[in-house]
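Here is a short, friendly tour of one protein model and the molecule it holds. Please keep the viewer open as you read, and turn the model whenever a new residue comes up.

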Amino acid sequence: MEFVRLLLVFLHLLGMGMLVAMFFVQKRAGADAPLNKGWLHGAALQLLTGVALVGLAPLTDKDYDHFKIGVKLLVLVVIAGLVATNLNKKPASWLTPALAGLVVVNVGVAVFWQ
Ligand code: HEM
């Protein structure tokens with residue numbers, strides 16, 4: 001079971017990397033480019049792997065802080081909501097920095113909230 005947890009953490013970290021990379025992909029595509037679907041895929045990967053990690057906690061002997069998880073989930077819902085409502089549209093100038101900022105907030109919550 002430990003291997004499954006590590007695999008999920010591995011995918012969770014790749015999902016984080018993907019969301020950070022999307023900021024640069026979007027920037028490189030230019031201000032007129034529509035919002036890239038990669039944002040949605042990265043957010044979905046974070047949701048699936050995060051929920052699976054929490055769901056498997058009794059089997060992996062982990063005791064996650066549910067308040068912390070709730071905050072991470074809320075931040076992710078805001079990310080996913082912003083992405084879903086702006087998909088394939090030309091993003092407002094604040095949208096990509098805001099999405100990247102929210103991703104960084106979740107990394108901070110994950111690392112510093114112990
Ligand atoms: C943008 C969204 C997210 C980002 C960037 C993110 C980032 C991270 C990072 C960097 C870690 C590793 C922390 C460490 O090992 O000290 C982590 C761990 C974790 N995350 Fe997330 N996360 C996100 C969303 C979520 C969501 C939505 C959930 C749950 C619903 C979640 C659940 C977890 C859990 C349970 C762990 C601990 C895994 C373990 O060490 O066993 N994450 N996250």
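What follows is a walk through the ligand site, the two pockets and a handful of individual residues.

## The ligand and its shell

Before we start, please bear in mind that this is a predicted model. Let us begin with the ligand, which sits in the largest pocket. The helices that contribute two or more residues to the shell around the ligand are α1 (2–29), α2 (38–55), α4 (66–86) and α5 (95–112). Of these, α1 provides the largest share of that shell, with 6 residues.

How many residues surround the ligand? There are 21, and the closest are R5, H12, Y64, K72 and N106. Sorted by class, the shell holds 15 nonpolar, 4 polar and 2 charged residues.

Three of the side chains around the ligand deserve a closer look, as each places an N or O atom at a short listed distance from a ligand atom. The table sets them side by side.

| Side chain (N or O atom) | Ligand atom | Distance |
|---|---|---|
| R5 | oxygen | 2.6 Å |
| H12 | nitrogen | 2.8 Å |
| Y64 | oxygen | 2.5 Å |

For R5 and Y64, then, the partner on the ligand is an oxygen atom, while for H12 the partner is a nitrogen atom.

## The largest pocket

Now look at the space itself. The largest pocket encloses about 780 Å³. Its lining is made up of 28 residues, and those closest to the pocket centre are H12, L53, I69, K72 and A110. H12 and K72 should already be familiar, since both are also among the residues closest to the ligand.

Which helices supply at least two residues each to this lining? They are α1, α2, α4 and α5. By class, the lining of the largest pocket consists of 18 nonpolar, 5 polar and 5 charged residues.

## The second largest pocket

Next, turn to the second largest pocket, whose volume is about 220 Å³. Its lining is formed by F23, Q26, K27, G30, A31, A33, K90, P91, A92, S93, T96 and P97. Two helices, α1 and α5, give two or more residues to this lining. The biggest contribution comes from α1, with 3 residues. The class breakdown here is 6 nonpolar, 4 polar and 2 charged residues.

Helix α1 is therefore a useful landmark as you move between the two sites, because it gives the most to the lining of the second largest pocket and the largest share of the shell around the ligand.## Two loop residues with positive phi

Most residues other than glycine have a negative phi, and most peptide bonds are trans. Against that background, D61 and N88 are worth a visit.

D61 has a phi near 60 degrees, a positive value in a residue that is not glycine. You will find D61 in the loop between α3 (57–60) and α4. Is D61 buried or exposed? With a relative accessible area of 71%, D61 counts as exposed, because the cut-off for that class is over 50%.

N88 also carries a positive phi, near 65 degrees, and is likewise a residue other than glycine. N88 belongs to the loop between α4 and α5. At a relative accessible area of 52%, N88 is exposed.

## Three helix residues

To finish, here are three residues within helices, each paired with a residue elsewhere along the chain.

L45 is part of helix α2. Its relative accessible area is 25%, so L45 is partly exposed. L45 and M18 are 27 residues apart along the chain, and 9.5 Å separates their C-alpha atoms.

G38 is found in helix α2 as well. Where L45 is partly exposed, G38 is buried, with a relative accessibility of 7%. From the C-alpha atom of G38 to that of Q26 is 9.6 Å, and their positions lie 12 residues apart in the chain numbering as a separation. Q26 is also one of the residues lining the second largest pocket.

L99 lies in helix α5. Its relative accessible area is 0%, which means that L99 is buried. The C-alpha atoms of L99 and V83 are 8.3 Å apart in space, with the two residues 16 apart in sequence.

Definitions and conventions: Residues are numbered from 1 along each chain as its sequence is written. This is a predicted model: local features need pLDDT of at least 70, side-chain atom pairs count only at pLDDT 80 or more; totals for chains, interfaces and linings use all residues. Side-chain values use heavy atoms; hydrogens and water are left out. A residue is near a molecule or strand if one of its heavy atoms lies within 4 Å of it. A polar contact is a pair of N or O atoms within 3.5 Å; within protein, one must be able to donate a hydrogen and the other to accept it, and residues adjacent in sequence count only if both atoms are side-chain atoms. On a 1 Å grid over the protein atoms alone, a cavity is a set of points where a 1.4 Å probe fits but cannot get out, and a pocket is an open set with protein on both sides within 12 Å along at least five of seven lines; lining residues have an atom within 4 Å of a point. A molecule sits in a cavity or pocket if more than half of its atoms lie within 2 Å of its grid points. Helices (H or I, at least four residues) and strands (E, at least two) are DSSP runs, numbered from the N terminus. Ala, Val, Leu, Ile, Met, Phe, Trp, Tyr, Cys and Pro count as nonpolar, Asp, Glu, Lys and Arg as charged, and the others, Gly among them, as polar. Grid points are joined across faces, edges and corners, and a volume is the space filled by probe spheres set on the points. Buried means under 20% relative accessible area, exposed over 50%, partly exposed in between (1.4 Å probe, protein chains only).
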